[in-house]
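Please look over the sequence and the model below before reading on. The text after them goes from the overall layout to single residues.

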Amino acid sequence: MKSIHSFWNAVRLTFFFSLFVSVGLSRCAHQEGEAKPEHPKTSFQTHNEQNDMPTQGVGTRASAELLDAKGASRGKVEFTQTADGVRVQARLSGLTKNSVHGFHVHEGFECEAPSFASAKGHFNPEQKPHGDRHGADRHPGDMGNLRTNSRGGVNVDFVVKEATLNQGINSIMGRALIVHAKADDLKSQPSGDAGDRLACGIIKSDGA
Ligand SMILES: [Cu+2]
Ligand SMILES: [Zn+2]
């Protein structure tokens, strides 16, 4: 009887030992499995870099260099996404002294000199009438007029609502920015009767 008893004890021991080992092994396997999810994250970031996507959200930046019909630079306009809209900082030079020029984002993605007709009409994603920068009914890229100083320069800083540098129907990213030869009367349709297109620049992302 004693030997049979110890036999079954040995069987029990072997059973529990193998159970212990297999649990231990599966734990190791599980820990290896937990380390793996880093892979998809890494490849996702790489994917974003390859697509050259700008960082979305507040703080996103873009800029446009305005070139005239002869290809000469008339200055630079910087755009920064804020919680209230897009901050626009325009520093231009070489314009007529004490003059007024319509200033808009157009819907096209190209600036082909000398006419800049490739910039197409005003950016108007919601089929609204043309208007003032402060008006209720307006295009997201209606920025009113730029007024030059006694040296023919412009240095302004304002926020334009509705426009965005982020994705969405009101995104101005990649579109053509136009300075006109004449003043925008802020009411004529469809574009304020601002005359010829003096200079054009594509709004390009400065994001990493
Ligand atoms: Cu325009
Ligand atoms: Zn307009």
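What follows is a walk through a predicted model, from the chain as a whole to its core and two loop residues.

The chain holds two helices and nine strands. Along the sequence the order is α-α-β-β-β-β-β-β-β-β-β, with both helices ahead of the strands. Of the 208 residues, 29% count as buried. Among contacts in the chain with a separation of 6 or more, 60% join residues 24 or more positions apart.

A good place to start is the pair β4 and β5. Strand β4 covers residues 100-106 and pairs with β5 in the antiparallel sense, over four bridges. One position to locate is His104, whose bridge partner in β5 is Asp142. Strand β5 itself runs over residues 142-147, and five of its six residues are buried, so this strand is largely enclosed by the rest of the structure.

The loop between β4 and β5 contains Gly121. Is this glycine buried or partly exposed? Gly121 has 14 C-beta neighbours inside 10 Å and therefore counts as partly exposed, since the buried class begins at 20. Its C-alpha atom is 9.7 Å from that of His104, although 17 residues separate the two along the chain. Beyond its neighbours within four places in sequence, Gly121 is in contact with His106 and Glu107, and also with Pro190 and Ser191.

Next comes the nonpolar core. The largest one has 33 residues, and those with the most contacts inside it are Leu66, Ile172, Leu177, Cys200 and Ile203. The elements that contribute two or more residues to this core are β1 (61-68), β2 (73-82), β3 (85-92), β4, β5, β6 (154-160), β7 (176-180) and β8 (197-202).

Two of these core residues show how it is put together. Leu177 is in contact with Leu66, Cys200 and Ile203, and further with Ala64, Val77, Val105 and Gly201, leaving aside neighbours within four places in sequence.

Ile172, by contrast, sits in the loop between β6 and β7. Which side of the cut-off does Ile172 fall on, buried or exposed? Ile172 is buried, because 24 other C-beta atoms lie within 10 Å. With neighbours within four places in sequence left aside, its contacts are Val86, Val105, Phe123, Pro140, Gly141, Ala163, Leu165 and Ile203. Val105 and Ile203 are thus listed for Leu177 and for Ile172. The C-alpha atoms of Ile172 and Phe109 are separated by 9.8 Å, with the two residues 63 apart along the chain.

Definitions and conventions. Residues numbered from 1 in each chain as written. Chains lettered and ligands numbered in written order. Predicted model: local features only at pLDDT ≥ 70, side-chain atom pairs only at ≥ 80, totals over all residues. Buried ≥ 20, exposed ≤ 12 C-beta atoms within 10 Å, placed from the backbone. Pairing = 2+ DSSP bridges. Contact = placed C-beta atoms within 7 Å. Core = buried A, V, L, I, M, F, W, Y, C linked by C-beta atoms within 7 Å.
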